[in-house]
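Q: I am new to this structure and would like to learn how to read it. Could you walk me through its features one at a time?

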Amino acid sequence: MNLDPGFVLAPAGGLLRYYLPLSWCVVLLGLLAWVSGRWPKPLRLLALGGLVVWCVLPGPYSPDYWLGLAFQMPSLSTVLLCAWLLWAALFPTPQPDCLAQANGSGWHLALGAAAVGLGWLLLLDTLALLPLELYALGFGPGANVFAMGLVLLSWIFGGRARLGWPVLALAPLVIVVFAASRLPTGNVWDALLDPWLWLVLQIWLVRNLWGRWTGR
Amino acid sequence: MPANTPAAHASTLLAMPAGQAAALTAFWFSGERESGPNVQIAASQFDRATQRWSEARFVVNRHVLGAQLGFGVRRLGNPVAWMDGSGRVHLFVVATGWGGWAASRVVHLRQSSSGNTLPELAFEPLGVLPLSWLWNTSHLVRNAPLPLADGGMVLPVHFELGIKYPAALRFDPEGRFLGMSRISARGYALQPTLLATTATDWVALMRDGRPQGRVIAARSADGGRTWADLPDLALLNPDSSVGGLAVAPGQLVLAHNSSPGSRATLDLSRSVDGIQWEALHTVERGSGEDEFSYPALLWAEDSLWVTYTVDRQTIDWQRYTAPPPGKPAKPLTAKP
């Protein structure tokens with residue numbers, strides 16, 4: 001238990017009041033941008049605009065009201081990934097598709113596997129099946145140090161593997177935003193990984209490992 | 001009881017500061033039925049001058065709470081009250097997402113009104129306590145916080161999603177969340193009540209979620225930082241909530257259901273160390289399907305106050321006064 005009275009855990013002031021609707025809006029926009037990749041551009045922009053209008057509707061008329069009821073808030077990683085998907089859709093560049101590069105890259109798979117492993121540990125901890133209280137440790141200053149270690153590792157190995165900048169920048173950006181804001185909950189694990197991202201990473205990991213195994 | 005509320009459950013008591021008209025405030029959840037969509041948090045105050053409880057009113061509504069939080073609240077449940085170092089009342093309330101009590105979260109509210117008389121008492125949410133990585137489910141509150149010498153407190157909670165385990169949450173004197181620790185490794189212990197035998201030696205007593213169980217115990221020797229399981233107590237526990245209170249060092253009181261397989265009998269027991277208990281007084285003795293459950297204890301006005309649910313329909317109360325100093329010692333006498 002972190003019992004340092006001087007260590008502020010919670011996100012500051014009214015940040016949460018804005019983070020919940022904004023974060024879910026970005027997530028929904030990013031997912032829509034990703035699935036609408038082959039749509040005609042005018043239709044795609046119309047759909048994105050319609051989603052923004054839906055998101056700003058008040059209270060129970062907005063999707064974030066119900067997403068928050070069920071799932072609280074997405075992790076900073078999910079929000080930043082979806083923000084990058086949205087950015088890439090709105091401002092496409094001639095640079096190589098980093099998602100395509102990620103499929104099959106050994107270092108990408110290693111990072112993905114590490115995130116999946118962390119999720120399994122957090123799930124086992126939720127069910128009190130671990131000898132240590134992993135989630136509770138995420139509130140303390142030690143967790144920030146651990147997360148910075150992850151960032152350094154991702155830079156070292158990611159730089160060697162020439163990972164695309166979105167993957168390289170994700171972890172340090174999450175840590176910087178978390179350190180400054182304590183979003184979304186004051187717990188570093190909630191900032192790095194949420195259960196939905198964890199599920200998606202597992203599907204991605206299984207598909208890529210299967211592809212490597214079958215030689216495709 | 002508020003009008004048109006056939007169901008009530010899970011009371012909690014809060015002592016009010018000296019000099020105020022009210023000696024104590026009781027909170028509970030009330031509505032058309034437990035887990036009903038119109039359940040709200042009700043409150044009533046015991047007036048020092050009239051020696052009567054005020055007419056109850058609702059103080060937390062899930063629709064207003066949802067609007068304030070920015071996301072939906074499906075149902076409201078158990079409340080727990082605490083007063084911080086600045087004299088503000090805090091409420092910790094079970095609020096569910098999709099699903100039943102297994103989808104529970106603990107919402108932290110704080111008094112927003114300038115005064116805390118019942119007519120003016122109002123609350124604003126500070127947020128949902130972050131207690132679990134799995135979409136922040138599934139924790140609940142039930143028993144009163146353990147006050148600390150520095151003005152802070154430790155709030156007992158439990159996790160309930162298939163397995164059940166108790167935990168302790170630490171707060172500073174202003175009500176800021178400082179951290180959490182698991183109390184027991186057993187997967188069937190819930191609704192802990194915390195008793196301090198010394199400043200650092202604490203005992204947690206818990207409800208046993210198994211049939212034909214006993215009151216479950218754990219001990220901390222370092223002020224709640226770490227806990228160790230103890231053998232079950234000799235006290236029977238028919239899968240029912242217990243409520244404990246340390247009236248003074250070496251004077252611990254526990255309210256609990258003592259009849260096997262039923263909540264028809266509600267007893268008070270006393271202990272010196274939190275482990276060995278002796279019967280003190282029977283609060284209620286019913287029969288058959290009678291239920292006297294979810295007790296809450298408070299020491300205030302030189303009296304032991306006990307509130308409890310009756311048949312999931314009303315909240316009843318008893319007040320026990322101790323004999324004056326110098327008089328022969330005798331069992332606490334009831335003063336309805």
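A: Happily! Start with the order of elements: read along the sequence, chain A follows the pattern α-α-α-α-α-α-α-α-α-α-α. That pattern reflects eleven helices and zero strands in chain A. Please keep in mind that this is a predicted model.

Q: How much of chain A counts as buried?

A: Of its 216 residues, 44% are buried. Contacts add to the picture of chain A: among those with a separation of 6 or more, 75% link residues 24 or more positions apart.

Q: Can we look at one residue? Where does Arg44(A) lie, and is Arg44(A) buried or exposed?

A: Arg44(A) belongs to helix 2 of chain A, which spans residues 41–56. With a relative accessible area of 16%, Arg44(A) is buried, because the cut-off for that word is under 20%.

Q: Which residues is Arg44(A) in contact with?

A: If we leave aside neighbours within four places in sequence, the contacts of Arg44(A) are Ala33(A), Ser36(A), Gly37(A), Trp39(A) and Ala89(A).

Q: What about cysteines? How many disulfides does the count give over all chains?

A: The way to read this is to check the distance between sulfur atoms, and here the count is zero over all chains.

Q: Why do Cys25(A) and Cys55(A) not form a bond?

A: The sulfur of Cys25(A) has its closest cysteine sulfur in Cys55(A), 3.4 Å away, which is too far for a bond because a disulfide needs the two sulfurs within 2.5 Å. Seen from Cys55(A), the closest cysteine sulfur is that of Cys25(A). Cys25(A) is buried, with a relative accessible area of 13%, and Cys55(A) is buried too, at 10%.

Q: Let us turn to chain B. How should I read a sheet, and in what order do its strands come?

A: The general idea is that strands of a sheet pair through backbone hydrogen bonds, either parallel or antiparallel. In chain B, four strands form an open sheet in the order 6-7-8-9, with antiparallel pairing. Strand 6 (75–83) and strand 9 (123–128) of chain B are at the edges; each has a single partner strand, so one side of each has no neighbour in the sheet. From one strand to the next, the twist averages 30°.

Q: How many bridges join strand 6 of chain B to strand 7 of chain B?

A: Seven bridges join strand 6 to strand 7 (residues 89–96) of chain B, and the two run antiparallel. For instance, Ala81(B) has Leu91(B) as its bridge partner in strand 7 of chain B, while Leu76(B) stands opposite Ala95(B) in that strand. The hairpin of these two strands has five residues between them, and there Gly87(B) takes a positive phi near 80°.

Q: What packs on this sheet?

A: Helix 1 (residues 62–69) of chain B does, touching strand 6, strand 8 (104–111) and strand 9 of chain B. The direction of this helix makes about 60° with that of strand 9 of chain B. As for strand 6 of chain B, nine of its nine residues are buried, so the strand is largely enclosed by the rest of the structure.

Q: And how do I read a pocket? Which residues lie nearest the centre of the second largest pocket?

A: Rolling a probe the size of a water molecule over the atoms shows where empty space is left. The second largest pocket has a volume of about 1000 Å³. Its lining has 46 residues, and nearest its centre lie Ala10(A), Pro11(A), Leu16(A), Leu126(B) and Gly127(B). Strand 9 of chain B gives the largest share of that lining, four residues.

Technical notes
Residues are numbered from 1 along each chain as its sequence is written. Chains are lettered from A and ligands numbered from 1 in the order in which they are written. This is a predicted model: local features need pLDDT of at least 70, side-chain atom pairs count only at pLDDT 80 or more; totals for chains, interfaces and linings use all residues. Side-chain values use heavy atoms; hydrogens and water are left out. Buried means under 20% relative accessible area, exposed over 50%, partly exposed in between (1.4 Å probe, protein chains only). Contact means heavy atoms within 4.5 Å. Two strands pair if DSSP finds at least two bridges between them. Axes are lines fitted to C-alpha atoms, for helices over the stretch in contact, and angles run from 0 to 180 degrees between N-to-C directions. On a 1 Å grid over the protein atoms alone, a cavity is a set of points where a 1.4 Å probe fits but cannot get out, and a pocket is an open set with protein on both sides within 12 Å along at least five of seven lines; lining residues have an atom within 4 Å of a point. Grid points are joined across faces, edges and corners, and a volume is the space filled by probe spheres set on the points.
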